[in-house]
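Visitor: I am new to this structure. Please show it to me, and let me ask why things are called what they are called.

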Amino acid sequence: MSSKEKPTLGGTRIKTRKRNIAAPLDPAAFADVVVQIYLDNDGDLELVAKNVESSDLNFSRYGDTFFEVAFTGGRTQPGTIKPDEGERHPYSIIECEANREAILPSVIYVQKILRRKPFLIKNLENVMRRFLQSLELFEENERKKLAIFTALAFSQKLSGLPPEAVFQPLLKDNLVGKGLVLPFITDFFKEYLVDNSLEDLISILKRGKMEDNLMEFFPSAKRSAEGFSEHFTKAGLVPLVEYNENKIFEAKLKDMKSALTTLIAEESDISEVIEIVKLRVKDANLPDIEVVRILWDVLMDAVQWSGKNQQQNANSALRQVKTWATLLSSFCTSGKLELELIYKVQMQCYEDAKLMKLFPEIVRSLYDQDVLAEDTILHWFRKGTNPKGRQTLVKSLEPFIKWLEEAEEEE
C-alpha cells in the first residue's frame, strides 16, 4: 500500500453551476427613460437619436416598448393602444400633422435607430402589426398618419421591413367590413406614388402577396371591378385603375386561351367550338383583334413540331390550318383582322427559325381556305408595317404574289 497522503478538499472552493435567473421585466421604467430623452431634447429627433444610441438601455428586451413610445408617446396597455401609466411625450408619430413633411423626420429617425440596432426591425414589425390589426382603436386622422408613415417607410426603404407585415394584418374581416382598411390603403398608395413609380408599388404588393388580391381591401358589398375603378379614380389613382383593368383583361385572355386549348386538344366539332368562342368573347367583351391572336396561338401550339425534317413540320402546320380554317375565317371578318392574322404568322416565323421557310406555304394555305383575301395579302406585301423579318419573308412570298398578280391580269 502507498504511504502517500491522500488529497483532501480542505481550503478548496467548489464551483457551483450557475442558474439562469431571469431579471424582472420592467418595461414601464424603460418607457419612462425614453420619454424623458424626448422631453429633454424638446422632440429634436436628431438629438433624441444620438441620446438613444449612446444610452445603455436594454433595447434587446424592450424593443416593442421603444416603438410604442415612438408611435404613441408612451407605453401602451397590453393588447390595446390605450396609454399605460407613466409620463408621455407630445412628439410621437400620431401627434404629428397628417402630412409627409411632418412625418418624414420620424421615418428618418427610425431608420437611424435601425441602422445602429438592426435587431430592432422585428420589434418594429411586431408593433406595426399590432397597431394595424387595431385600426378601429385609432381616430380617422391617426389612421391617416399611420398610412403616411407606412408609405414613407417603404419609400425610404426602411431597413428590412417586410411588406407582408403591413398588408396581411389589414385583412381582418371586421376591419375590412367596417370600411377602415380601404381609406388606409388608399392613403398609403397615394403617398407612396408621390416619389415612386407604379412598378415600384406593384413590386411591394407582389412581395406582400397582394398583387392579385387588391379586391380584398374592399368591403364585400363594393368588391367589383366597377367599384375598384370608381373608388381609385376618385382618389386620383388612375394608373392603378388602368393596371387593374389590364390584369382583369389578361385573366380573361388566359381563360379564353385555356378553354380553346382544351377544345382543340379534344378535336371538338368546329361548329361547337365557334359557338363556344363567340359566347366567351361576348361574356368577356374581348376585342376581335385579341381573339384572332389567341386563335392562331392556340392552333399553332397544338401542332406537333417533332417532325424529323422540315417537310414533316410543314405538313403538320398546313394540316392544322386546313382543319381549322373555318374557325379562323369565322373571326377574321374584315381586312384589318385578316392583316392581323398575317402579322401573327410573320411574328411566329420570325421568332422560330425553323418556320421561316414555311411562311409562303402558310399564307398560301390560308388563301386557299378563304381565310385571307387577295387584297389583304397584297397590302401586307406592299405596305406591311411590321419590320421584323419582313425583308426575308417578303422575298420568300414573291413567287406567290407574282402568281396572284398574273391571275388578276388574266381575269
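Guide: Let us start with a contact in this predicted model. Ala225, Phe228, Ser229, Phe232 and Thr233 of helix H11 meet Val238, Leu240, Val241, Asn244, Glu245 and Ile248 of helix H12. By residue class, the contact holds 7 nonpolar, 3 polar and 1 charged.

Visitor: What makes H11 roughly antiparallel to H12?

Guide: The angle does. The axes of H11 (residues 225-234) and H12 (residues 238-265) cross at roughly 160°. Angles over 145 degrees count as roughly antiparallel. So H11 is roughly antiparallel to H12. The two axes come within 8 Å, and the crossing is left-handed.

Visitor: Why are H14 and H17 called oblique to each other?

Guide: Set the angle against the cut-offs. H14 (residues 288-301) and H17 (residues 335-351) pack at about 40°. Roughly parallel needs an angle under 35 degrees, and roughly perpendicular runs from 65 to 115. An angle of about 40° fits neither class, so the pair is oblique. The axes are 9 Å apart. The crossing of H14 with H17 is right-handed.

Visitor: Which residues make that contact?

Guide: From H14 come Asp288, Ile289, Val292, Arg293, Trp296, Asp297 and Met300. From H17 come Leu337, Glu340, Leu341, Lys344, Val345 and Gln348. They divide into 7 nonpolar, 1 polar and 5 charged.

Visitor: How do you know whether Ser55 is buried, exposed or partly exposed?

Guide: Its relative accessibility is 22%. Buried means under 20%, and exposed means over 50%. Ser55 falls in between, so Ser55 counts as partly exposed. Ser55 sits in the loop between helix H2 (45-54) and helix H3 (59-72). Ser55 and Val33 are 22 residues apart in sequence, with 9.8 Å from C-alpha to C-alpha.

Visitor: Why does Asp42 count as exposed?

Guide: Asp42 has 60% relative accessibility. The cut-off for exposed is over 50%, so Asp42 counts as exposed. Asp42 lies in the loop between helix H1 (27-40) and H2.

Visitor: What stands out in the phi of Asp42?

Guide: Phi is positive, about 50°, although Asp42 is not a glycine. Most residues other than glycine have a negative phi.

Visitor: What is the phi of Glu267, and how do you know whether Glu267 is buried or exposed?

Guide: Phi of Glu267 is positive too, near 50°. Its relative accessible area is 67%. Exposed means over 50%, so Glu267 is exposed. Glu267 is placed in the loop between H12 and helix H13 (270-284).

Conventions. Residues are numbered from 1 along each chain as its sequence is written. This is a predicted model: local features need pLDDT of at least 70, side-chain atom pairs count only at pLDDT 80 or more; totals for chains, interfaces and linings use all residues. Side-chain values use heavy atoms; hydrogens and water are left out. Axes are lines fitted to C-alpha atoms, for helices over the stretch in contact, and angles run from 0 to 180 degrees between N-to-C directions. Helices (H or I, at least four residues) and strands (E, at least two) are DSSP runs, numbered from the N terminus. A crossing is left-handed if the near helix is turned anticlockwise from the far one by less than a right angle, and right-handed if clockwise. Contact means heavy atoms within 4.5 Å. Ala, Val, Leu, Ile, Met, Phe, Trp, Tyr, Cys and Pro count as nonpolar, Asp, Glu, Lys and Arg as charged, and the others, Gly among them, as polar. Buried means under 20% relative accessible area, exposed over 50%, partly exposed in between (1.4 Å probe, protein chains only).
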